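Let's take a walk through a protein together, starting with the whole chain and ending with a single residue. Keep the picture open as you read.

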Amino acid sequence: MTLPASPSWSHLNLAQDADRAQLAAHFKAAGVRDVECLFADVTGYPRGKLMPAASFAAGGELRICQAIPMQCVTGEYSYDPIFPDSDPDVRLVPDLATLKPAPWASVPRYLAVHDCYELDGSLCEFAPRSVLQQVVARYQARGLRPVIAPEIEFYLTAAMTDPAQPLTYPVGRGGRPEVGQSAFSLNQLNELAPFWDALHAAIDGLGIRADTWLHEVGQSQYEINLLHGDPVAVADQAFLFKTAAREIALQHGLNAVFMAKPISGQAGSSMHLHQSVVDAQGRNIFSQADGSASEAFFHYLGGLQAYTPDLALIYAPSVNAYRRYVAGSQAPINVAWGHDNRTTGLRVPDSPPAARRVENRLAGADANPYLAMAATLAAGLAGIDERLPPSEPVQGNGYDLARGLPRTFSTAHDQMAHSEHAPRLLGERFVRGYLAVKALEHDHYLNEVSAWERRYLLPQA
């Protein structure tokens, strides 16, 4: 059943009887049975609880274990002492601006993105949305407002029934899988029209402000560009887009895959982050009155260059992510910057002064959007505060320069673990918890015997 577009509920205060009655009446008229009370865990995966619509409208309290935001991709939990043995609760509090119909539900259902609050009323430091909110608050304390827009790449593949086998491409309307490279092909973009029609309807219903769609370089690889806006709201949209794409794909016998390097020999999938900063009057502080680049612009770049290597584990959170950083692939290997130069990690697109921005090209599609945005905004603001100078812009091929980013997961983990800067940029307790989760995931990975080992070592070792 398709629900009508919902009104904005951001004006409601569920502590007030009139507002609770208004929401309850809407749910009843629309036949809404449940509300998905969800949030993004450390991976960016949706967690939460299903709550009866009537209870949600009544403002019922909802709690969940504090450890859930830091659940590993394997389902395990770290035993680092920073996570209390008592496994305390946190409260889930909805952001009513995100209350929308759930487009993948088989019966009328709503969803709302929630914040995780400790029982003392403070934001849970382990929740990714909290980390981003705290970074944005630093800008607000300075009378500034960051603006961000992500470009998210992903693959559509045939249904995966055996994870030991490589992913395969879906059969399109022509009766065969896509072959070759079809970058920016509109014909190939139409090959899976039923899926795209359903996904477009889903993101419209969720209020996701999409700009352009395109077919990327890889076979059955696509990209969506989201419109720029407030970082928390845009991160919510990126989170919900990935959730919707997976759900709608499954309904069409497909997989929407956001791994950074899901298919050997094919292009990796990124999440480029375009970012700028405006003042209280809405003026872009990266440009001066005469249209030239400001000191703040260069200091922002300097902060990204100085601190991004220590935060690489945020942009590339798994062993798979480091397969994407290959020279010549338009994925970065360093934090050099250049004007309209896609061989650098930090690209400054040609634009009018009011739209001057930095494109951070480091994050993979598998990065948590809340954390990736928090990392880049925190590094840039630190550069402004500390008046850090950037390097000279690259005029030629950025791949001719030395590698300036960790090459492997282990190197990135060690660099963050020994960093003096990561804790002050993203929060000491969050960084410690994040490192513990990633170490546990890596230990789990090391217990796997790979196809490469069976292929080459088995006959010769």
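Start with overall size. For a chain of 461 residues, a compact globule would have a radius of gyration near 23 Å, and this protein chain comes in at 22 Å, so the two agree. Bear in mind that what you're looking at is a predicted model. If you drew a box around the C-alpha atoms along the principal axes, it would be roughly 65 × 55 × 50 Å.

What is the chain built from? It has 13 helices and 14 strands. As for how much is tucked away, 55% of the 461 residues count as buried. You can also ask who touches whom: take the contacts between residues at least 6 apart in sequence, and 72% of them join residues at least 24 apart. Try following the chain with your finger and you'll get a feel for that.

Now zoom in on a pair of strands. Strand E8 covers residues 210-215 and strand E9 covers residues 221-226, and they pair in the antiparallel sense over four bridges. Within this pair, Leu 214 stands opposite Glu 223 of E9. Five residues sit between the strands of this hairpin, and there Ser 220 takes a positive phi near 60°. While you're looking at strands, here's a handy rule: in a regular strand, side chains alternate between the two faces of the sheet.

Hold on to Glu 223, since it leads us to our next stop, the second largest pocket. Which residues lie nearest the centre of this pocket? They are Glu 151, Glu 223, His 272, His 274 and Glu 359, out of 41 lining residues. Strands E7 (145-158), E8, E9 and E11 (271-278) are the elements that each give two or more residues to that lining. E7 gives the most, with six residues. The pocket holds about 970 Å³ of space, and its lining is a mix: 15 nonpolar, 13 polar and 13 charged residues.

Last stop: Gln 415, which you'll find in helix H10, residues 409-417. Is Gln 415 buried, exposed or partly exposed? Buried means under 20% relative accessible area and exposed means over 50%, so at 28% relative accessibility Gln 415 counts as partly exposed. Leaving out residues up to four places away in sequence, Gln 415 touches Pro 309, Asp 310 and Pro 406. Leu 311 is 104 residues from Gln 415 in sequence, yet their C-alpha atoms are 8.2 Å apart in space.

Terms used: Residues numbered from 1 in each chain as written. Predicted model: local features only at pLDDT ≥ 70, side-chain atom pairs only at ≥ 80, totals over all residues. Heavy atoms only, no water. Pairing = 2+ DSSP bridges. 1 Å grid on protein atoms, 1.4 Å probe; cavity = no way out; pocket = protein on both sides within 12 Å on 5 of 7 lines; lining within 4 Å. Points joined across faces, edges and corners; volume = space filled by probe spheres on them. Nonpolar A, V, L, I, M, F, W, Y, C, P; charged D, E, K, R; others polar. Rg over C-alpha atoms; globule rule 2.2 N^0.38 Å. Buried < 20%, exposed > 50% of the residue type's maximum accessible area, 1.4 Å probe, protein only. Contact = heavy atoms within 4.5 Å.
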